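Welcome! Have the sequence and the 3D view open, and try each exercise before reading its solution.

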Amino acid sequence: MAAPTLQQPSFLLANLKADSTTKTLLQRCQDLVKIIDEYPAKELHLIFPWLVESVFGSLDGIIAGWNLRLLHSRSNEYHIVMEFLNPSGPMMKLVYKLQAEEYKYEIPVNYLPGPVKACIQEGVLPDCPLFHNKLHFPLSGLLTLNLALNPFEFFMFNFAFCLIAPKSYPQGQHGSSADSAYFVLVDTYLKYFLPSEGSVPPSPFSDSRGSVTAPSPRSSSVSFAGYGVHSPSLLKHHIFHQPSVNADPAAQEIWRSETLLQMFVEIWLHHYSLEMYQKLQSPQVKEPFSPTEEHVLVVRLLVKHLHAFSSSLKPEQLSSSPSAHSHTHTSPLEEFKRVVVQRFVQQKLYLFLQHCFGHWPLDASFRAVLETWLSYIQPWRYTGEKTNPQPDQNRTVPDKWESFVQENLLMYTKLFQVFLNRTVRTDLVNAKNALMVFRVAKVFSQPNLAEMIQKGEQLFLEPEHVLHHRQPRGYLTPSQGGSYLSSRQRVMTDMVFRVKSHVYALEGQDCQYKQMFGSELRGAVMKLIQIIAQARHTAKRISDHSNEVAANNSFLSWFGMGSSDLNNTFAGAEPEESGECLKKTHEFLDRALENLCQIFKLNQGQLTQLISNLGSSQDDGNCKQLPDCIQSENGLILTDLGRRQIINGLRRFEIHYQGDPELQPIRSYENALLVRLFYRISCVVNERFGEHMDALCSRPDFLGRLGRHYLADADSSTKLKQSPMSRRTLERNRQARLSLRPLASYRTMLLLLLLYMCGALLAFGPVSSTLLILVGGFLYGLFMTLFGDKLKTH
C-alpha cells in the first residue's frame with residue numbers, strides 16, 4: 001500500500017476514517033470539499049494517501065474503493081463522484097495544493113509493470129523517463145525499493161492502476177462499459193490534459209520554488225525530434241546514476257500532459273518487452289499478464305484520442321522537417337503533438353496487440369482487440385475534418401498519411417499476418433466472427449492503402465549497400481553546386497532509414513520479415529478464401545436444414561405428421577447461428593471475399609471457379625462423413641485435421657442421445673407430472689416382468705418380432721453403431737422394457753382427446769372408445785411388424 005515518506009499522527013485522518021463508515025458518500029464529499037479549502041497543505045499531506053486509496057482502491061485489490069468501474073450513470077452516486085474527481089474539481093485542487101510543496105509519496109516497485117520492474121531489480125535505469133530521479137533506496141537494499149512520486153504522479157498512478165488491479169466483483173456484475181464512471185473519467189482527463197484545441201489550463205497553485213519539473217528531463221539542445229525513432233540503447237545507464245532534473249521552462253507547460261500519458265501507457269501497455277515476448281513463444285512459459293476486454297476498450301479510447309490530439313497539429317508544424325522544426329518558435333504542446341504517437345505509444349502498443357492476437361480466446365470478445373488495432377492503423381478517421389464524407393469503401397486514404405503507414409509498417413503487415421493465422425482456426429459460420437473478417441478486409445481495401453503498404457515494404461527491402469552508395473557525402477543545394485537529384489536521394493534515404501529503424505526496433509536486428517504481398521502470404525490468403533467459401537457453404541446448409549425443420553414442426557406435427565425428436569436439430573448449430581444471423585454471415589463473408597480480391601489483386605474468374613468447385617465437392621460427400629479420427633480403447637479421438645474439419649463445418653458427428661431414453665430431459669411438449677408418473681409405473685412393470693419380456697423379445701418367430709415392436713426401441717441398434725459406447729451401457733439399452741413416456745406428450749393427449757370426441761359423436765361410451773383405441777393400436781403394431789421392413793426398403 002502506498003504511504004507517505006513520513007508518517008505523523010493526524011486527528012483529521014482519524015476523523016475521516018471514522019466518518020467513512022457512518023456517513024454517506026455525499027456527506028463525505030461535502031466534508032472533504034471544506035477540508036481541502038480550509039486546511040493547510042501540511043495537514044492535507046497526511047490524509048492524501050488514505051484518500052487516494054479510499055477512492056481508487058488499494059493496489060493489491062483488497063480495498064475496493066468507490067468501485068469506479070462498476071459505477072454507472074444510472075446510480076445516484078455517479079454525479080457526486082464525477083464532480084469530485086473532475087479535472088477542475090476538489091480532488092485535483094488537493095493535488096495541485098500539495099504539488100506546490102515538496103511532498104513525495106511512495107509506490108512499491110513490485111506494482112510496476114513487468115519489464116520496468118525487471119530493469120530496476122537488475123540495477124538498470126528504465127527507458128521511460130517517468131521513473132528517472134524517482135527511485136528511493138531504503139537501508140534494506142533493492143528488494144524493498146520504492147518510487148517517490150509527486151502528488152500528481154501518485155494520483156495518476158493509482159487512477160491508471162485501478163483498471164488492472166485485481167477486483168472481486170459481486171455476482172452478476174462485470175467491469176466498466178462506455179458509461180461507467182471510470183471510462184468517462186479517462187475520457188475527461190484525456191480531453192483536459194491533451195486538448196485538441198487550445199492549451200492545458202494552468203494549475204491554480206503556482207510553484208514559485210521550481211520544484212515541479214517535467215518527468216522527462218531534456219536539455220535545450222535535445223528536442224522531441226530525436227525521439228521519432230526507437231533505437232535500442234547500446235549503453236545501459238546504471239540505476240545509481242540517475243540523471244538530475246533541470247527545471248526547463250518549456251517543459252513546465254506540458255509536464256502534466258506528459259506525466260498523464262506516460263503513466264497511462266506504462267501501466268496499461270508496458271507489460272511485455274521484446275525479450276519477454278520471444279520467451280512467451282514457448283508453451284512452458286506462463287503469461288505474465290492477461291488483459292481483459294474492459295482493459296482493451298480503455299486502451300482503444302486512449303488510441304482514438306491520441307490520434308485526434310496528434311491530428312490537431314497545425315499544418316505548418318506538421319509539414320516542417322525535424323531539423324527546421326527545432327529552430328522555429330513552436331509551443332511545447334504543438335511539439336508534443338508531432339511525436340506523441342511514435343515516441344510514447346507505438347512500440348508498447350505493438351507488443352500489447354501482438355500478445356492479444358496470439359493469446360486471446362477464439363470467441364467474439366476478440367472484437368475489442370480487433371477494433372483497437374483498426375483504430376490505430378486508421379488515424380485519418382480521427383482528424384475531425386468534415387469535407388464531403390464518402391462511403392467507407394470509396395474513401396481514399398490521403399497521401400499525407402504515407403509517412404505514418406511507413407513508420408508503422410509492422411502494425412499493418414505483421415499484425416495482418418497474425419490475424420490471418422488466427423482466423424483460419426476460427427468458426428466463420430458464427431456471424432460475429434464473420435463480421436471481424438469483413439471489418440479487417442474492408443479497412444485494408446481502402447483505396448491507396450495497399451499501395452502505401454507495398455511502398456513501405458519496398459523501402460525496408462532496399463539493400464544496405466545500395467542505400468550507402470546512394471547517400472551523398474554532403475547535401476548541397478543547387479546554389480552550392482549541388483542538384484535536385486541529391487535532395488531527392490536524401491529524402492529517399494531518410495524514408496528508408498525510418499522504415500528500417502521502425503522494424504528493427506520492434507522486432508530486433510535479426511528479424512525475418514515476411515512480405516504482406518509476397519508469395520507466401522498470398523498462399524495463406526488463398527487458404528483463407530477457401531475456408532470462407534466452406535463457411536458460406538456450411539451456413540447455407542444450416543439455414544436450409546433449419547427451414548426444413550421449422551416447416552416440419554408446424555401445427556400439423558401435433559397430429560403425428562412431424563418429428564418431435566430434438567436430435568433432428570442440425571449438429572453444430574447454435575441459437576445465434578440461425579435465421580437472420582446466418583443471412584448476416586453470408587453477407588459478411590461475401591463482402592470479405594470481394595475486399596480480399598481487391599487488396600491482393602486476385603482474379604475474380606479464378607475465385608468464382610474455386611468456390612464453385614469447392615461447393616460441388618461438398619454437396620453430399622464430405623458433409624456425411626465422420627471427421628478424421630483414430631480409434632482407441634475409449635472410442636474415437638479427433639486428429640488435428642478432424643478438428644479443422646469440424647471448425648470449418650466440413651464434417652460433423654451425428655449427435656444422438658446415448659443414455660437411458662427414459663431419463664432424457666423433459667421436453668417442452670411433455671407434461672412433467674405425467675412423465676414422472678409414467679416412469680415410476682414403467683419401472684415397476686419392467687422390474688416385475690422384465691425376464692418374461694426379454695424371453696418374448698428373444699424369440700425368432702412372429703411373436704418375438706411383435707414383442708420387439710412394443711417393448712424395445714426399433715432404431716436403437718442403428719443409432720448405437722454410429723457412436724462409441726461402453727459395453728455395459730450398450731447391453732442395458734438393448735434390454736426389453738415397457739415405455740409409457742409417449743403418453744405424456746401433449747400431442748398424444750390431444751390425439752386421444754380428438755379420438756374420444758369422435759367416439760362420442762358416434763355414440764360410443766368411454767369404455768367402448770378405449771377398447772377401440774387399444775384394438776387400433778394393436779392392429780397398427782401388427783401391420784408394422786408384417787410390412788415395416790418392406791416399407792423401410794422402399
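Helices (H or I, at least four residues) and strands (E, at least two) are DSSP runs, numbered from the N terminus. Axes are lines fitted to C-alpha atoms, for helices over the stretch in contact, and angles run from 0 to 180 degrees between N-to-C directions. The model is predicted: local features need pLDDT of at least 70, side-chain atom pairs count only at pLDDT 80 or more, and totals for chains, interfaces and linings use all residues. Residues are numbered from 1 along each chain as its sequence is written, and side-chain values use heavy atoms, with hydrogens and water left out.

**Exercise 1. Describe how helix α4 and helix α8 pack.**

Step 1. Find α4 at residues 78-85 and α8 at residues 181-193; their axes come within 11 Å and cross at roughly 30 degrees.

Step 2. Name the arrangement: that angle makes α4 roughly parallel to α8. (Angles under 35 degrees count as roughly parallel, over 145 as roughly antiparallel, 65 to 115 as roughly perpendicular and the rest as oblique.)

Step 3. Give the hand: α4 passes α8 in a right-handed crossing. (A crossing is right-handed if the near helix is turned clockwise from the far one by less than a right angle, and left-handed if anticlockwise.)

Step 4. List the contacts, meaning heavy atoms within 4.5 Å. From α4 come Y78, M82 and L85, and they meet A181, V184, L185 and Y189 of α8.

Step 5. Sort these by class: the contact of α4 with α8 has seven nonpolar, no polar and no charged residues. (Ala, Val, Leu, Ile, Met, Phe, Trp, Tyr, Cys and Pro count as nonpolar, Asp, Glu, Lys and Arg as charged, and the others, Gly among them, as polar.)

**Exercise 2. Do the same for α16 and α18.**

Step 1. Helix α16 (residues 367-376) and helix α18 (residues 409-423) have axes 11 Å apart, at an angle of about 160 degrees.

Step 2. The two helices α16 and α18 are therefore roughly antiparallel to each other, and α16 passes α18 in a left-handed crossing.

Step 3. On the α16 side are L370, W373 and Y376, which meet M411, Y412, L415, F416 and F419 in α18. The contact of α16 with α18 divides into eight nonpolar, no polar and no charged residues.

**Exercise 3. Which classes of residue make up the contact of α10 with α15?**

Step 1. Look at helix α10 (residues 255-268) and helix α15 (residues 332-359), whose axes come within 10 Å and cross at roughly 10 degrees. Helices α10 and α15 are therefore roughly parallel to each other.

Step 2. Collect the residues: α10 gives S257, E258, L261, Q262, V265, E266 and W268, while α15 gives F336, V340, R343, F344, V345, K348 and F352.

Step 3. Divide them: eight are nonpolar, two polar and four charged in the contact of α10 with α15.

**Exercise 4. Where do the buried residues of helix α1 sit?**

Step 1. Buried means under 20% relative accessible area, exposed over 50%, and partly exposed in between (1.4 Å probe, protein chains only). In α1 (residues 11-19), the buried residues are L12, L13 and L16.

Step 2. They cover an arc of only 95 degrees around the axis, which puts them on the same side of α1. (The arc is that of the directions from the helix axis to the C-beta atoms.)

Step 3. The partners of these buried residues are α2 (25-38) and α3 (41-56).

**Exercise 5. Compare the backbone settings of N448 and K601.**

Step 1. Recall the background: most residues other than glycine have a negative phi.

Step 2. N448 has a positive phi, near 85 degrees. The place of N448 is the loop between α19 (431-444) and α20 (449-460), and this residue is partly exposed, with a relative accessible area of 21%.

Step 3. K601 also has a positive phi, near 55 degrees. The loop between α24 (580-600) and α25 (604-618) holds K601, which counts as exposed at 55% relative accessibility.

**Exercise 6. How many helices and strands does the protein have?**

Step 1. Count the elements: there are 32 helices and six strands.

Step 2. Add the burial: of the 794 residues in the protein, 44% are buried.

Step 3. Turn to contacts between residues at least 6 apart in sequence: 80% of them join residues at least 24 apart.
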